[in-house]
Amino acid sequence: MKKALTAIQPSGFLHLGNYIGAIEPAVKLQTETKLTMFIADYHAITVPQKPEDLRRNILFAAATYLACGINPNRTTLFQQSRVPAHTELAWVLQCVARMGEVERMIQYKDKAVGKGESVSVGLFTYPILMAADILLYNTEIVPVGEDQKQHVELARDLAERFNKQFGDTFLIPEPQIRKDGARIMGLDDATKKMSKSATSAKNYISLTDEPDVVRKKIMTAVTDSSTEIRTDRNRPAITNLLTIFSAVTGRPIEAIEIAYLGKGYGEFKKDLAEAIVEYLTPLQAKLSLLLADETELKRILDDGAARANEVAEHKIRHVRKVIGAKL
Ligand code: TYM
């Protein structure tokens, strides 16, 4: 069985983009791969976090994974900071990475905008921690949204360079990016991705949005100038809404286009809102049940950390040996 790995930052709520771009593909991979999934709490602290919020968000992210269908008996589910080998390997890889290649990371440039000199060093080196996350587990497939592709490519480059310098140590991972839905766009601006750090809540549908909030956000979502309900490279807003419709219902985009031939945006949006509500309602019910039992959530994460540590420790011991740190 191939090995797959993915992660999510516990930075508050999760949105439909996270679900469609990364969680749903990972849930599907559970049956055909050996899947490792974690909550990237040490990535989240690259921007200031209140301790009590971080703690709550870690449990929330774990519960969301489970509510979306991650089976902890099949999949190793854990919290990143519980596996020290991640930060240790990140250090070793920081000594292999070059300033030039890390400076090219688009996400750093985006997130650092306007922050001047006060931006954390961690935000800059974060893609190297992500490379360590991936390489520790002999990962072959990394299901992610489009915005993480460049980081997976950096992991590949670092693995290749390390292997050349110290002998075969890491497998070279492949990003797995879905054809439709790898970049869900903002509902308020279809030229920018749906994002947790958006300034307006109208940008996204949170997985915990109440039905009426979902309806309002969809009804006020921006549309393109012409009224046809059809995907088109030049009509990003309707293309985005169709992608979301298809993802939450499992219906192919073409079938939805046919169903709405000659119909207006009003009817389409109303049905889309209901489809999202129908998708989110059972998920939200599962989520509250899971969040009500913190002891069980922590037990699942403890068990996952124990399993992850076994694999990660093995790899980091090998790394120490080949770089000459083992006496
Ligand atoms: P994060 O927490 O920003 O996002 C989690 C996942 O959601 C995807 N995503 C999207 N997909 C489609 N449309 C969108 N608008 C959208 N927004 C976010 C992201 O691509 C991601 O797959 N660095 C990562 C977490 C991470 C990781 C890893 C991932 C840490 N270590 C190792 C894979 C492997 C991050 O910040 O994702």
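This report describes the two domains of a predicted model, the contact between them and the surroundings of the ligand.

## Domain layout

The protein is divided into two parts, with domain 1 covering 3-176 + 294-323 and domain 2 covering 201-288. Between the C-alpha centres of domain 1 and domain 2 the separation is 30 Å, and their contact draws on 12 residues from domain 1 and 13 residues from domain 2.

## The contact between the domains

Together, domain 1 and domain 2 bury about 1200 Å² between them, and 79% of this area lies on carbon and sulfur atoms. On the side of domain 1 that touches domain 2, the elements that contribute two or more residues are α1 (16-32) and α3 (51-67). Sorted by class, that side of domain 1 consists of 9 nonpolar, 2 polar and 1 charged residues.

As for specific pairings across this contact, the count of salt bridges between domain 1 and domain 2 is 0, while 3 residue pairs, with both members at pLDDT 80 or more, are in polar contact.

## The ligand and its surroundings

The ligand is surrounded by 29 residues, of which the closest are Gln9, Tyr126, Asp133, Asp147 and Ile184.

Oxygen atoms of the ligand are approached by both side-chain and backbone atoms of the protein. A polar side-chain atom of Asn18 lies 3.1 Å from a ligand oxygen, and an N or O atom in the side chain of Lys196 is 3.0 Å from an oxygen atom of the ligand. From Gly145 it is a polar backbone atom that takes part, at 2.9 Å from an oxygen atom of the ligand.

Notes. Residues numbered from 1 in each chain as written. Predicted model: local features only at pLDDT ≥ 70, side-chain atom pairs only at ≥ 80, totals over all residues. Heavy atoms only, no water. Domains from an automatic or database assignment. Contact = heavy atoms within 4.5 Å. Buried area = accessible area lost by both parts, 1.4 Å probe. Salt bridge = Lys/Arg side-chain N within 4 Å of Asp/Glu carboxyl O. Polar contact = N/O pair within 3.5 Å; in protein donor to acceptor, adjacent residues only side chain to side chain. Helix = DSSP H or I, 4+ residues; strand = E, 2+ residues; numbered from the N terminus. Nonpolar A, V, L, I, M, F, W, Y, C, P; charged D, E, K, R; others polar. Near = heavy atom within 4 Å.
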